[in-house]
Amino acid sequence: MSNVSISTNRLTIGYRRSGSADAVIQRDLTFSLMEGEMVCMLGPNGCGKSTLLRTLAGLQPALGGSYSLRTLSLGEGRGEIAKSIALVLTERLSMDNTTVHDVVALGRYPFTSFLDGLTDLDERIITESLEQVGFTNPQSQTTNPQFPITLSPFNSHSDGEKQRILIAKALAQQTPIILLDEPTAHLDLPHRILVLRLLRRLAHEQGKTILISTHELDLALALSDRILLMIPSEGVLLNSSDSLRKQNAFTKAFGMDIFNPLG
């Protein structure tokens, strides 16, 4: 039987404002995610999907209620959090003079010593993580004849390739929980499918808990184990896609029948 990996109890999320009332986005969020499942979080823009991910990852404080992670004591420092949760955000990063290898290697730093540097095991994990997101033989593959993929500048790659590299960084972190904010943004259809299949496989085969914020409705319904549907100002529903459709929950969340675009 699966174990609960993430649980929330009447969690309130939003942003603290100095000298004025907090900006609350959602209140009373209560749900549990299990080990070994991939959950896709759906909802319209502005309903709090990214804010929830950042709150669960400890990047911003909860405004009320509570949440717990089975793999982590919330009093532990950032180093221990980084061993439990990998987070991939949508913000575009500009890393001048930083190689692909160095970006993915950031995922290994919670496990390394600044004095000892990267081990042979770390280097193997970096290479394997790039292979998992579709960079076949990353030590020799190149988009520039002068560089293997690992030594090529991060900024020399397309937005879609950068997204896959950042997912490889999260895989290299080898955490039991992976949170991703629109990981398929900027990817073409084959790579969108590749990435979501990979994340589903990691959940099922390695027992990871994977929570993905996405607008890929068709792929989310086809590949996720459950849907976390966020309804503006009304909280969340967590269930199978079939159950949510029977409840007419998608129409409530999006304000229209998204399965009948012609009306």
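A helix here is a DSSP run (H or I) of at least four residues, and helices are numbered from the N terminus. Keep that in mind as you go through the close-ups, which come from a predicted model.

**View 1. The whole chain, before we zoom in.**
The protein chain has 263 residues, and 45% of them are buried. Its secondary structure comes to 9 helices and 9 strands. Now take the contacts with a separation of 6 or more: residues 24 or more positions apart account for 66% of them.

**View 2. Helix H1 and the glycine after it.**
How many of the residues of helix H1 are buried? H1 covers residues 49-56, and 6 of its 8 residues are buried, so we can call this helix mostly covered. The buried ones are Lys49, Thr51, Leu52, Leu53, Thr55 and Leu56. After H1 comes Gly58, and its phi is positive, near 80°.

**View 3. The largest nonpolar core.**
In soluble globular proteins, nonpolar side chains tend to be buried together. The largest nonpolar core in this model has 45 residues, and Leu199 and Ile210 are the ones with the most contacts inside it. Which helix gives the most to this core? That's H5 (residues 159-173), which puts in 7 residues. Zoom in on Leu199 and you'll find that it touches Met38, Leu180, Ile210 and Ile212, leaving out residues up to four places away in sequence. Another core, of 23 residues, lies apart from this one, and Ile6, Leu11, Leu29 and Ala57 are among its members.

**View 4. Strand S6, covered on both faces.**
Strand S6 spans residues 177-181, and 5 of its 5 residues are buried, so the rest of the structure largely encloses it. Look at one side of S6 and you meet Ile177, Leu179 and Asp181; flip to the other and there are Ile178 and Leu180, with both faces covered.

**View 5. The partners of S6.**
What joins strand S5 to S6? The answer is 4 bridges, with S5 (residues 85-88) and S6 running parallel. In this pairing, Ile85 stands opposite Ile177 of S6. S6 also pairs with S7, again in the parallel sense, over 5 bridges. Here Ile178 stands opposite Ile210 of S7. To get from S6 to S7, the chain passes through H6, making a right-handed β-α-β crossover.

**View 6. A buried salt bridge between distant parts of the chain.**
Side chains of opposite charge can pair when their charged atoms come close. The structure holds 8 salt bridges, and this view shows the one between the side chains of Arg192 and Glu216, at 2.9 Å from N to O. Where do the two residues sit? Arg192 is in helix H6 (residues 189-206), while Glu216 is in the loop between strand S7 (209-213) and helix H7 (217-223), so the pair, 24 residues apart, links distant parts of the chain. Are these two buried or exposed? Both Arg192 and Glu216 are buried.

**View 7. A salt bridge within helix H4.**
The side chains of Arg124 and Glu128 meet in a salt bridge, with 3.9 Å from N to O. Both residues belong to helix H4 (residues 120-132), and because they are 4 residues apart in it, about one helical turn separates them. Arg124 is partly exposed, with a relative accessible area of 46%. Glu128 is partly exposed too, at 38%.

**View 8. Arg16 and Asp22.**
Arg16 forms another salt bridge, this time with Asp22, and the closest N and O atoms are 3.1 Å apart. Is Asp22 buried, exposed or partly exposed? Its relative accessibility is 32%, so Asp22 counts as partly exposed.

**View 9. Two buried cysteines.**
How many disulfides does the structure hold? The count is 0. Cys40 is buried, with a relative accessible area of 1%. Cys47 has 2% relative accessibility, so it counts as buried.

**View 10. Ser241 in helix H8.**
Ser241 is found in helix H8, which covers residues 241-246. Why does Ser241 count as buried? Buried means under 20% relative accessible area, and Ser241 has 16%, so it makes the cut. What is this serine in contact with, leaving aside its neighbours within four places in sequence? Ser241 is in contact with Leu221, Ile227 and Phe250.

Technical notes: Residues numbered from 1 in each chain as written. Predicted model: local features only at pLDDT ≥ 70, side-chain atom pairs only at ≥ 80, totals over all residues. Heavy atoms only, no water. Core = buried A, V, L, I, M, F, W, Y, C linked by side-chain atoms within 4.5 Å. Buried < 20%, exposed > 50% of the residue type's maximum accessible area, 1.4 Å probe, protein only. Contact = heavy atoms within 4.5 Å. Salt bridge = Lys/Arg side-chain N within 4 Å of Asp/Glu carboxyl O. Disulfide = S-S within 2.5 Å. Pairing = 2+ DSSP bridges. Right-handed = clockwise from strand over helix to strand, strands pointing away.
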